[in-house]
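Let's take a walk through this structure together, starting with the overall build and moving on to the details. Please have the viewer open as you read.

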Amino acid sequence: MLNLLQACKASPILDSMKVAILGAGLLGSLIARELITENRDVVIIERNPNVARTIANDLDCIVEEGDGERLDTLASAGVAEADWFIACTGSDETNIVSCGIVAETFKNVRTIARTRNPYFAAFRSTGRRILGVDHLLNPDAETAEAIARIIYRGMSPEIIDVKEAGIQMRRIDCIKESRFPGRILSEVRASIGPEFMVPAVLRHGELMIPSGDFLFEKDDRAYILGEPSALDRLFGPCRNTIRKFKSMAIFGAEALTGLLLQELGIEMVSTSSHPKARNRQVLSLLGNPKIKVIDGRKEFLKPLSTVFPDIEPIERQLSEEHIIEEESIGSADIVLCLTSHQTINILTAQLAKQKGAKRAMALVTNDLYAPLLDSMHIDIIINEKTVMAGTILDRVRKAKIRRLYSFPQNEFELIEIQISRSFEKLGWKIRDLNLPKGFLITFVIHEGRTIVPTGDTEIHENDLVGLILKKEEIGRLENVFGA
Amino acid sequence: MHWKSIFCLLSVILLIVSGFIASIAIYSYAVQEAFTVTLSLIAAAAIGVLFFVLMKLLSRKNEKPLLTNRDGFMFVTLSWVFSSLSGALPYTISGAIPSYIDAFFETMSGFTTTGASILTNIEAVPKSLLLWRATTHWLGGMGIVVLLVAILPALGFSALRVIEAEAPGPSVDRITPHISKTAKMLWLIYLGLTIAEVILLMLGGMSLYDAVCHAFATMATGGFSPKNASVAHYDSGYLHWVVTVFMFLAGTNFTLHYRVLAGNFRSFYKDVEFKTYAFIFLAATLIVSANLLVSGMYTKVEESLRHSSFQVASILTTTGFATGDFGQWPAVSQTVLFFLMFIGGCAGSTGGGIKVIRIVVLLKMAFTEMRYLSNPRGVFAIFVNEKPVRKNVIYDVAALVFLYFAFFFVSVVVISFTGVDILTNITAVIANLGNIGPGLGKVGPAFNYAFFPWWAKLWLAFAMLVGRLEVYTVLILFSRKFWRSF
């Protein structure tokens, strides 16, 4: 009863943002679910009546059955009153055309289109409206960026991918860190040093936000947060990072692989369709690894081989016996399994690990196998849909809010806000802000320096403030920190 | 089955019901009724709270309640049973209705907005208990579970399943993106219309107490009146017309009310269900009033029009008020009223019955089948409100209507064991299954259900619940598949 009543009190009275989503596929429904948790008004437009009915049963939103390229459907779904129109059907053309129609007809609606075509990726983040699309987002490009970030950070399963470069989050098992179990948080900080935060602790699958008198247990997994150098000093360098790679095997030669190679700065034959500048530096930073790309389909390998002369494309079916031995996957430093089949990715990564690969990463499309993954040895699982949903949500949210990390299977997320000039409490101390209960400031980045906040820390313009909070509080947060 | 979640939510329902009983107790204290009446109300509320605590202990956990489809059906059915069980307590404890089964029948009749009573002399019952009787109507009209969702948005996504199991009609129209906001809007409209009716009735000379009781019973399409003679107690044409209008409004889809309040006046005119509903109402009124005039029951045109429209609205919307004993009316009028019992109000209204929209869909289906017969290679679609209807919806409607009648016939067989005549039997069953209240023959508006044996009362109470929750929600609990864990 108590939690029901609390939730009742927290029910929002704010002017809720209205978002129209075209396409109730995996991505569309994921974004819808996240927005509904944040108490936004969501309308989904879906062409397939069966999908529409299922989604209407599942989600607390209006579902309009119809074709997103038709003006009457868009009008009757109430897109005119929406703040955002997000087109994420499986077809690039439908997405762009419907965004175009919306932009032409309803002037105040901002649009986001998902496109898979890698050549459209060039129009990403130009900041201009192109064909009526305000943000053209490519899931492959977003995922490639996220994977590249993980590789730069040394492919450590302990380091958690947060978007902010100046800050690092690690996950440590308390059983391995003798300074944690049996002590309370303030003691731990007193003995280790003040320059890190513990924003969250995972205990028996449940996420807890620790306060000063939080007592650590042996089975806990603690998230620690701080500047990378400070964490290295206090906890020693992350034991599992790999700084230099000699060999990298990539399974799957689809668009994502090409974008990833680009992101990693692999030398390219210069053509006008690949506008991104070459960046040899990054590659040498990684130790100039030898890269094999394995795929069973020549038509996917051919374009790669013409663009990236230095890689070694291999035409082999993943189902072939002995492929792991013959391509000596076991001796690779990194194995990336990036095909479009998550089952193959997971199994291949696990197999590569078992054969001796140092690090393996698997791309998944949903959480179906999540319960299995804990007991497997794959170092890093990356969920394409979660990455994409995070990117879209960053665009949609009012204030300058970025999602840094969404704790898996929990309602919490770590976000970062850029304090704008219009924030009325500039220069105030944190303790005087009177933040609502449930908001925990985990870090403040002031002029490029990470500060572990106390009650006396002041908040200034352009500061980046990190908070950990429940997803449903995001709407309230926007109100506190202003749009 | 997630029993813990179910009990967690059930306990809140019990708390809501106890809260209303407690506020009736305050009224009883304020008007200085016999102390035993007040005390019995307090005792009933206390027992409700006790069960709330008990269930709360049974379901101790910190997570959000999680309901699957099956849990939703279970929860909704149980919430109605438990509300009636606890709502029956004040009658028995105070001694107004000594038998607990009778009290249960009366309360179930209240919550399901049936209006079938076992009370012979209503006016002898303490006023506070009669107010509670009307309040059960009012709570059940829009739905207790809908109220729960409206005031506790924390239910989250499972709210939708629960509402679909409770709300009348084939599908729930969402007027706002969040189901809890939709529930809130519906309750606000309901509250607003109730207040409007109270004011209009008081302008016609009713006391506040009578106006509230009648407004509760009208807006919920219930039919409990605090007077022995029902609305016929008032010999005022104005009052009859006011009640007629509000019965008609209560039998309309509340989504339409919302649209009209939002400024979209054409939605009444464009809605095919509303048009059919209005047509049935007008046609039946004309036939009955002509019949009454010709047969000499009433001599003045206004009088015959007033009584016939009142009675037609009362039966069509499944309210069950009476301005006269239609058991004495001529055969044509009785037959028309008898058929109206099978139709009921609109989907999304507080009325019971099969609902006009289902009749519309079945009619269209029948016509389409005939078109297929005359043109076997044609391809036809069925349209409702200018939108094509999916086959699934049509199957769903056809199956529901079949189950409705199947249950009706089974009930007629069951009730026949009491030995009543066939007219009384059939109309008693449909009056309870359709949530109407009075039937014809020995259960006509001038009589009541007191003479039935206890098992017949329980069966009729069961029929009310089946009718209110529209068959599937209750009957699914009796299928073997429902209880299988895999």
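**A guided look at the two chains**

In chain B, 71% of the contacts with a separation of 6 or more are between residues 24 or more positions apart. Keep in mind as you explore that this is a predicted model. Chain B is built from 22 helices and 2 strands. Its radius of gyration is 22 Å, close to the 23 Å expected from the globule rule for 486 residues, so chain B is as compact as a globular protein of that length. If you turn chain B along its principal axes, the C-alpha trace spans about 65 × 60 × 50 Å. Of the 486 residues in chain B, 58% are buried.

Helix 7 of chain B, residues 144–151, is a good place to see burial up close: it is mostly covered, with 7 of its 8 residues buried. The buried residues in this helix are I144(B), V145(B), V146(B), L147(B), L148(B), V149(B) and A150(B).

Now let's turn to the aromatic rings. Over all chains, the whole structure holds 32 aromatic pairs. One of them joins W138(B) and F216(B), which are stacked at 4.9 Å centre to centre with 15 degrees between the planes. Which parts of the chain does this pair link? W138(B) sits in helix 6 (residues 127–142) of chain B and F216(B) in helix 10 (residues 208–219) of chain B, so to speak distant parts of the chain, 78 residues apart. Are the two partners buried or exposed? W138(B) has a relative accessible area of 9%, under the 20% cut-off, so W138(B) is buried. F216(B), with a relative accessible area of 14%, is buried too.

A second pair to find is that of F407(B) and W459(B): the ring centres are 5.9 Å apart and the planes lie at 10 degrees, so this pair is stacked. Because F407(B) belongs to helix 18 (residues 391–416) of chain B and W459(B) to helix 20 (residues 454–468) of chain B, the pair ties together parts that are 52 residues apart in sequence. F407(B) counts as buried at 7% relative accessibility, whereas W459(B) is partly exposed, with a relative accessible area of 25%.

Rings also gather in a group. F338(B), F339(B), F342(B), Y404(B), F405(B), F408(B) and F409(B) are linked into a cluster by ring pairs.

Charged side chains meet rings as well. Look for K127(B), whose charged end sits over the ring of Y209(B), 4.5 Å from its centre. R133(B) lies over the face of F224(B), at 3.8 Å from the ring centre.

Let's finish in chain A, with a sheet. Here 5 strands form an open sheet in the order 7-8-11-9-10, with antiparallel pairing. The edges are strand 7 (159–160) and strand 10 (206–208) of chain A, each of which pairs on one side only. Within the sheet, strand 8 (residues 168–173) and strand 11 (residues 221–226) of chain A pair in the antiparallel sense over 6 bridges. To check the register, find R170(A), which stands opposite I224(A) in strand 11 of chain A. Helix 8 (residues 228–235) of chain A packs on the sheet, touching strand 8 and strand 11 of chain A. The direction of helix 8 makes about 25 degrees with that of strand 8 of chain A.

Definitions and conventions
Residues are numbered from 1 along each chain as its sequence is written. Chains are lettered from A and ligands numbered from 1 in the order in which they are written. This is a predicted model: local features need pLDDT of at least 70, side-chain atom pairs count only at pLDDT 80 or more; totals for chains, interfaces and linings use all residues. Side-chain values use heavy atoms; hydrogens and water are left out. Buried means under 20% relative accessible area, exposed over 50%, partly exposed in between (1.4 Å probe, protein chains only). Helices (H or I, at least four residues) and strands (E, at least two) are DSSP runs, numbered from the N terminus. Rings of Phe, Tyr and Trp (its six-membered ring) pair if their centres lie within 6.5 Å; planes under 30 degrees apart count as stacked, over 60 as edge-to-face and the rest as tilted. A charge sits over a ring if NZ of Lys or CZ of Arg is within 6 Å of the ring centre and within 35 degrees of the ring normal. Two strands pair if DSSP finds at least two bridges between them. Contact means heavy atoms within 4.5 Å. Axes are lines fitted to C-alpha atoms, for helices over the stretch in contact, and angles run from 0 to 180 degrees between N-to-C directions. The radius of gyration is taken over C-alpha atoms; the globule rule is 2.2 Å times the number of residues to the power 0.38.
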